[in-house]
Amino acid sequence: MPWFRREKKSVDAATPPEERTVRTEGMWIKCEACRAIIWKKDLEANWEVCPKCQHHFRLGSIRRLELLLDDAQWTEHDAALASADPLEFVDTKAYSKRLSDAIEKLGINDAIITAEGRMNSRPVLLCSMEFGFIGGSMGAVVGEKVTRAAEMSRDRKMPLVIVSCSGGARMMEGTISLMQLAKVSAALARLDDAKVPFISVLTDPTTGGVTASYAMLGDLNIAEPGALIGFAGPRVIAQTIRQKLPEGFQRAEFLLSHGFLDAVVPRKDLKAYISGALDFFLT
Ligand SMILES: [Zn+2]
């Protein structure tokens with residue numbers, strides 16, 4: 001005689017076949033840093049920061065605005081600006097197709113959003129870059145939007161905050177995207193003359209022409225933990241100087257310890273930190 005007798009039918013027999021498997025696909029994500037399996041909803045609720053090891057995942061441009069602006073409310077400026085594909089560029093895919101795909105997928109016309117809102121009650125102009133839009137690359141539209149934001153900031157004496165997340169200049173617009181570096185830098189110099197504060201926030205990754213222009217021109221340049229920040233990639237540098245690169249090279253903490261950044265601030269403290277800095281600048 002068996003010690004235990006199953007009174008009910010087995011689970012398999014009791015459940016109809018279509019209900020036996022629970023769909024879990026896409027609900028879990030593995031942390032790149034600590035390998036922990038995290039429920040996506042937990043990660044979302046924690047502003048895309050790993051609850052186990054505090055690894056900072058990339059945050060989308062709209063979520064970034066929600067994180068930093070009061071009541072997740074803002075007015076968008078220059079939303080209609082879109083690239084005219086001046087070179088009619090084609091690589092493995094036509095640039096015009098890349099643009100239309102990104103616009104359809106993300107619902108924005110280029111890799112940056114200019115938003116006017118309040119940060120702890122103070123009016124600010126906040127530009128938030130979107131990596132999902134062709135690698136957050138800077139072409140004529142991103143350059144023009146940042147320039148206009150700097151000009152509006154100056155005219156209205158409203159502090160400017162730019163959150164960068166970019167692979168650099170947009171090669172599909174060739175030299176036109178390189179010209180944006182000079183244009184944006186000139187606009188930021190005029191903003192500086194007018195003594196309106198500009199805070200640059202560098203997130204993972206901030207590289208190439210964006211690092212070489214506005215991302216490093218803030219009155220304060222602050223970064224999120226672990227963010228990759230640089231101009232050329234590490235492999236190109238290692239091959240050029242023929243030396244092994246040090247541990248943590250081009251990461252936010254390394255740059256801070258070498259004087260390239262003013263602070264490394266965790267995402268959850270970012271709003272309070274920027275507000276505190278603006279209090280300091282403006283009083
Ligand atoms: Zn983790």
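**Note on the predicted model: zinc site, helix α6 and selected residues**

1. C50 is buried, its relative accessible area being 0%. The model under discussion is a predicted one. C50 contributes its SG atom to the coordination of the zinc ion, together with the SG atoms of C31, C34 and C53, at 2.3 to 2.4 Å. C34, by contrast, is partly exposed, at 32% relative accessibility, because only values under 20% count as buried.

2. What arrangement do the four donor atoms around the zinc ion adopt? The angles that they subtend run from 106 to 112 degrees, and the arrangement is therefore tetrahedral. For comparison, the ideal angle for four tetrahedral donors at a metal is 109.5 degrees.

3. Along the chain, the zinc donors follow the spacing C-x2-C-x15-C-x2-C. C34 belongs to the loop between β1 (28-30) and β2 (37-39), whereas C50 belongs to the loop between α2 (40-45) and α3 (61-68); the pair therefore ties together parts that lie 16 residues apart in sequence.

4. V49 also lies in the loop between α2 and α3. V49 counts as buried, with a relative accessibility of 6%. Beyond the neighbours within four places in sequence, the contacts of V49 are L43, Q54, H55, H56 and R267. From V49 to E88 the separation is 39 residues in sequence and 39 Å in space, taken between C-alpha atoms.

5. As regards the whole chain, the model contains ten helices and nine strands. The C-alpha trace spans about 90 × 50 × 45 Å along its principal axes. Of the 283 residues, 42% are buried. Among contacts with a separation of 6 or more, 67% are between residues 24 or more positions apart.

6. Does the span of helix α6 agree or disagree with its number of residues? Helix α6 comprises 20 residues (174-193), which at 1.5 Å a residue should span 28 Å; the C-alpha atoms at its ends are 31 Å apart, and this agrees with the expected value.

7. The buried residues of α6 are S177, Q180, L181, V184, A187, L188 and L191. These residues cover an arc of only 150 degrees around the axis, so they lie on the same side of α6. On the other side of the helix, L178, M179, A182 and D193 are exposed. The partners against which the buried residues of α6 pack are α5 (140-156), β6 (160-166), β7 (198-206) and α7 (208-211). Just after α6, K195 takes a positive phi of about 60 degrees.

8. S83 is placed in the loop between β3 (74-77) and α4 (95-106). Is S83 buried or exposed? Its relative accessible area is 19%, and S83 is therefore classed as buried, the limit being under 20%. The side chain of S83 makes a polar contact of 2.8 Å with that of E173 and another, of 3.4 Å, with that of Y95. Apart from neighbours within four places in sequence, S83 is in contact with Y95, L99, D110, V141 and E173. As the value for S83 is 19%, a reader may wish to treat its class with some care.

9. The backbone has several features worth inspecting. Most residues other than glycine have a negative phi, and most peptide bonds are trans. D78, which is not a glycine, has a positive phi of about 55 degrees. D78 is situated in the loop between β3 and α4 and is partly exposed, at 22% relative accessibility.

10. N120 is likewise not a glycine and has a positive phi, of about 45 degrees. The location of N120 is the loop between β4 (112-119) and β5 (122-129), and N120 is partly exposed, at 44% relative accessibility.

11. Which residues are joined by a cis peptide bond? The bond is that between D204 and P205, with omega at about -10 degrees. P205 is part of strand β7, one of the elements against which the buried residues of α6 pack.

Notes:
Residues numbered from 1 in each chain as written. Predicted model: local features only at pLDDT ≥ 70, side-chain atom pairs only at ≥ 80, totals over all residues. Heavy atoms only, no water. Helix = DSSP H or I, 4+ residues; strand = E, 2+ residues; numbered from the N terminus. Buried < 20%, exposed > 50% of the residue type's maximum accessible area, 1.4 Å probe, protein only. Polar contact = N/O pair within 3.5 Å; in protein donor to acceptor, adjacent residues only side chain to side chain. Contact = heavy atoms within 4.5 Å. Donors = N, O, S within 2.8 Å, 3.2 Å for Na, K, Ca; no water. Tetrahedral: all angles 85-135°; square planar, octahedral: opposite > 155°, others 65-115°. Expected span 1.5 Å × (residues − 1). Arc of directions from axis to C-beta.
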